Amino acid sequence: MRSQFFLFAAAAYAARLPFGHREGFNPGPGSDELRALEEEIAQLEEQVRHDAGEFQHHHHQPAPYWGASPTSYSSADASLLTSSIPASLPVSATLPIISSVTNTVAALQSLSSIAANYSSVLSVISSVNATATLASTDSSSPLSSYAPTSTPVDTTASSASSSSALVSPVAPSSTPVPYSISSPATSGSSVTTSTYTTQVVSTLTSTYTTVCPYEETHTVGGTTSTSTGTTNVTSTLTSTYQSTLTVTATATATLSAGYSSAPQSYAPGNSSASGYSTVSLGSSVSLHTAVASPSPITSASSTTLVGPSIVSVVSPTIPSKSANGTTTVLSTVIVSATPKVSTNSTSAFLTGTATSTKMAPTVSAVANSTANVTSSTYCSNICNVLKLSTEYATTAVLCQAIPANQAVTLVGGPATAGCGSTSPTSITPEVDVCRITLSITTSGESEAYMEVWLPNNSTEAWNGRTLSTDNGGANGCVHYVDMQYVTSLGFAAIGDNGGHNSSAFDGGWMYFNNEGILDWVYRARHAATEAGKQVINQFYGEKPSYSYYLGCSTGGQQGLHSAQYFPDDFDGIIAGSAAADFNHLQAWSGRFVELTGLNSTDPRFLTLAQWTLVQSYIFNQCDAALDGVNDGILEDPTICKFDATAIPVCGGASNSTCLTSTQINTVEQVFTVLFNTAGDLLYPQLLYGSQIDAFHLGQLSGSIQGIAKSWYGGAVWNDSFYDATQMNQTDYAQADLLDALHGHVSGFNGDLSAFHNAGKKLLMYHGMADPLVSGANSQRYYLKVAQTMGLSNTGLDEFMRYFRISGMAHCGVGGISGAGAWMFGQSGAAVVPGVQDNVIWNMVDWVESNKAPDTILGTKFWYDTPSLGLEFERPHCRFPYRTTYSGSGAWTDPANWGCVFISDWQTCAVGATPRLCNADGSFT
């Protein structure tokens with residue numbers, strides 16, 4: 001059976017093929033008027049293509065890729081536009097393509113988007129400038145007596161013609177008419193110009209807010225006083241009117257002379273600023289539209305124009321910003337005749353104050369003002385306009401607004417797998433979030449599920465950063481608890497299910513499913529990170545400033561794997577209790593039952609009471625004797641040299657006060673390292689002080705470890721009859737042989753040079769009383785990176801820091817957090833009031849301000865219950881420093897602890913404590 005598997009696996013590995021991507025979303029048609037406009041612009045683009053081809057033919061250069069026409073999208077219901085930009089000031093615009101027009105503002109936005117998209121320059125510039133001048137039908141009767149003091153301009157067709165030629169209004173039923181088309185004007189360039197008009201009849205409701213200084217005069221008892229200040233004026237205006245839209249578009253294709261300052265071309269949807277260097281495409285589009293008058297109008301000839309409103313999209317040199325540059329929304333300012341001002345004061349308004357915010361929708365978002373990012377409608381409609389360009393085809397499934405403290409209902413696989421903690425409705429975000437679920441096609445036979453949670457309870461809810469979450473154990477769940485936690489801190493959270501649905505210790509999905517294994521090891525996380533960043537960019541209208549990762553256990557290993565193989569995914573990685581060197585970890589974990597026996601009928605087996613006896617002798621030799629404090633915590637168990645012969649030997653049957661010689665041998669064996677047949681170290685020892693939790697979690701209580709069985713029985717052998725109690729060196733060697741096939745699941749590559757050179761940061765922590773993943777292994781990895789990269793500890797300090805958390809069990813979760821000061825913000829459970837430090841903000845400070853942490857302050861409450869009060873705090877030093885008690889003062893006071901350098905930190909071979917490397921100093 002195993003030989004057949006090898007042939008199958010080899011064939012599968014050799015036949016790996018790339019898979020196609022999902023084509024762009026294609027929604028239903030829009031209104032007739034805008035469809036006609038789209039057809040006209042399609043003709044314009046076709047003319048540009050034709051001219052570019054002619055241009056290319058004559059100049060013997062490879063033609064650029066122009067790409068397919070952008071897909072049109074149906075808009076959401078028109079929303080109120082909010083602006084604090086005065087009518088006379090310039091604003092910036094980057095807006096969506098929409099097919100159904102409910103007002104001229106939407107039409108203007110649509111045309112602006114169409115022009116910008118076909119020019120393909122918005123993908124590489126940070127903003128598009130537009131200037132709008134408020135005008136009225138009659139300059140002697142401005143729209144509002146409270147208008148900004150700049151004088152309205154009565155713009156007629158003749159006065160606007162200097163910027164763009166206007167044509168006479170057309171009948172409402174007419175289709176857009178090309179105005180003029182010119183052939184290439186000069187040698188080496190092609191110019192295409194098209195002007196067309198159409199009419200829109202609509203009802204417009206607009207809202208604006210402006211901050212204006214005022215002057216008030218008060219008369220009280222015959223005394224007149226004057227005061228000045230500022231006030232927010234919010235006004236609304238609803239009008240039904242007919243308007244004429246006139247668009248003049250000029251597209252220019254220019255041959256690059258090969259100089260660095262020459263124009264560059266960018267294909268639609270292309271995010272690279274350097275991929276097309278031979279021909280450039282620039283477009284200049286003039287837009288003329290109507291502004292609602294104070295009362296409805298009936299003829300196009302009496303329509304007030306905004307003129308000229310010019311969108312210029314020309315890139316004369318290679319852009320310095322990426323395709324996802326920050327942009328803002330065009331908001332048309334209309335002054336109401338009835339502004340909301342108190343009746344008991346008189347005010348003289350001056351020019352309004354322009355304000356801006358980072359939370360503007362982008363080209364791919366629906367046409368909303370900044371404030372509408374917070375609306376449930378905006379959230380639910382975002383699925384209709386998401387346009388993802390990812391390595392793996394990704395499809396939006398659900399966009400759902402979740403108010404703060406409202407339960408998220410899980411369905412399907414996540415609910416079946418128990419991903420919702422205690423119930424499918426137990427996850428309740430602490431802030432309003434827009435929850436977006438997506439499906440990722442990772443191969444022809446596998447897919448992953450992911451979610452993005454976007455804080456949107458206010459325009460400042462998002463802190464501008466992303467934080468990706470992990471999968472613990474063999475888990476196939478989005479880490480909802482951490483999604484809930486980090487969104488409360490303002491991060492946009494990204495999570496995935498690792499390509500399968502399962503609980504943490506259910507590895508049944510590993511059988512005959514190497515594609516699923518690849519998803520779990522790296523592919524789902526990498527794909528979700530890529531897609532998640534694009535979703536965030538399109539939702540907020542801004543690229544994330546920084547991206548972070550938070551994971552523990554398998555999640556810690558996933559973080560290390562990302563640093564090793566995908567160094568650009570995250571700016572900062574927090575990897576806790578990393579299950580790295582995964583193949584050997586499962587071999588080490590599966591070995592315990594072979595050392596202890598299954599239950600008390602085996603003479604090697606120890607009961608919980610007997611392990612408690614063992615612990616008393618370990619503490620006697622290695623607690624206060626080594627760290628100076630009798631607190632039931634081994635501050636540095638890696639230097640403990642426990643002598644099990646101190647335990648009394650029973651004359652007959654064992655009991656809670658003595659052990660048999662066979663049981664004492666068991667104690668000695670469970671604390672040994674794991675070697676291969678050549679004597680190389682595969683995995684370090686279980687650390688002293690973790691034995692009680694190891695019993696509770698099955699390591700020392702005769703349980704067959706589920707993940708170890710599934711890994712070797714499924715991933716390694718695909719043998720459902722695999723007997724985990726017979727695991728041996730053949731199994732270990734076979735797992736190593738298949739590590740590459742499994743996507744380098746080991747996650748133990750010591751070369752982090754690409755990560756380091758990219759300026760990224762890695763923060764590792766590990767509990768020194770961890771029963772599931774030896775804390776010594778993270779120290780081993782630190783040494784391996786130092787050796788592989790030839791760096792000292794100070795060299796590693798620049799980008800990699802490792803913190804040893806004394807007394808903490810596995811990740812500080814699940815009721816087995818340990819006796820140490822384990823709370824430091826690594827999870828929602830570890831960030832309760834009274835906890836002073838937070839590892840997430842430590843990482844942010846390190847990445848963004850170059851303030852690297854030297855210690856992490858841990859907190860311990862009595863019985864891990866904050867309401868019972870603080871028991872103690874303790875600083876945890878970065879390796880290779882040892883947290884050391886000063887020798888005086890209360891040990892509960894963190895001020896009485898310091899960091900002492902470990903001079904022999906690189907000693908790791910035969911005779912070293914701990915033993916972390918091979919006899920020759922190398923690492924397996």
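**Exercise 1. Describe how helix H8 and helix H9 meet, and which residues make the contact.**

Solution. Begin with the geometry: the axes of helix H8 (residues 514–540) and helix H9 (residues 554–565) come within 10 Å and cross at roughly 65°, where axes are lines fitted to C-alpha atoms, for helices over the stretch in contact, and angles run from 0 to 180 degrees between N-to-C directions. Helices (H or I, at least four residues) and strands (E, at least two) are DSSP runs, numbered from the N terminus. Next comes the handedness, and H8 passes H9 in a right-handed crossing; a crossing is right-handed if the near helix is turned clockwise from the far one by less than a right angle, and left-handed if anticlockwise. H8 brings Trp-520, Val-521, Tyr-522 and Arg-525 to the contact, while H9 brings Thr-554, Gln-558, His-561 and Ser-562, contact meaning heavy atoms within 4.5 Å. Sorted by character, the residues of this contact are three nonpolar, four polar and one charged, with Ala, Val, Leu, Ile, Met, Phe, Trp, Tyr, Cys and Pro counted as nonpolar, Asp, Glu, Lys and Arg as charged, and the others, Gly among them, as polar.

This is a predicted model, in which local features need pLDDT of at least 70 and side-chain atom pairs count only at pLDDT 80 or more, whereas totals for chains, interfaces and linings use all residues. Residues are numbered from 1 along each chain as its sequence is written, and side-chain values use heavy atoms, with hydrogens and water left out.

**Exercise 2. Work out what span H9 should have, and establish how far H9 is enclosed.**

Solution. The expected span of a helix is 1.5 Å times one less than its number of residues; the twelve residues of H9 should therefore span 16 Å, and its end C-alpha atoms are 16 Å apart, which agrees. As for enclosure, eleven of the twelve residues of H9 are buried, so H9 is largely enclosed by the rest of the structure; buried means under 20% relative accessible area, exposed over 50%, and partly exposed in between (1.4 Å probe, protein chains only). The buried residues include Gly-555, Gly-556, Gly-559, Leu-560 and Ala-563. Their packing partners are H8, strand E12 (546–552), strand E13 (572–576), helix H17 (753–757), strand E16 (761–767) and helix H18 (775–789).

**Exercise 3. Characterise helix H7 and the glycine just after it.**

Solution. Helix H7 (residues 480–488) is mostly covered, since seven of its nine residues are buried. Among them are Tyr-480, Met-483, Tyr-485 and Val-486. Just after H7, Gly-490 takes a positive phi of about 100°.

**Exercise 4. Locate the backbone exceptions at Asn-718, Asn-850, Pro-880 and Pro-914.**

Solution. The background is that most residues other than glycine have a negative phi, and most peptide bonds are trans. Asn-718, in the loop between helix H15 (706–716) and helix H16 (729–737), has a positive phi of about 50° although it is not a glycine, and Asn-718 is buried, with a relative accessible area of 7%. Asn-850 lies in the loop between helix H20 (839–849) and strand E18 (855–861); its phi is near 60°, and Asn-850 is exposed, with a relative accessible area of 60%. Turning to the peptide bonds, the one from Phe-879 to Pro-880 is cis, with omega near 10°, and Pro-880 sits in the loop between strand E19 (870–877) and E20. The bond from Thr-913 to Pro-914 is also cis, with omega near 5°, and Pro-914 is in the segment after E21.

**Exercise 5. Find the sequence-distant surroundings of Lys-641 and Pro-894.**

Solution. Lys-641, in the loop between helix H12 (624–627) and helix H13 (661–670), is exposed, with a relative accessible area of 64%. Leaving aside neighbours within four places in sequence, Lys-641 is in contact with Gln-621, Cys-622 and Thr-913; Lys-641 and Cys-622 are 19 residues apart in sequence and 7.7 Å apart in space, C-alpha to C-alpha. Pro-894 belongs to the loop between strand E20 (881–885) and strand E21 (897–901) and is partly exposed, with a relative accessible area of 23%. Not counting residues up to four places away, Pro-894 touches Leu-857, Glu-873, Arg-874 and Pro-875.

**Exercise 6. State the mean confidence of the protein chain and identify a stretch of low pLDDT.**

Solution. The mean pLDDT is 72, and 59% of the residues reach 70 or more, pLDDT being the predictor's confidence in each residue, from 0 to 100. Over residues 54–107 the pLDDT is below 50, although this stretch has 181 contacts in the model beyond near neighbours in sequence. Where pLDDT is low, the predicted coordinates should not be read in detail.
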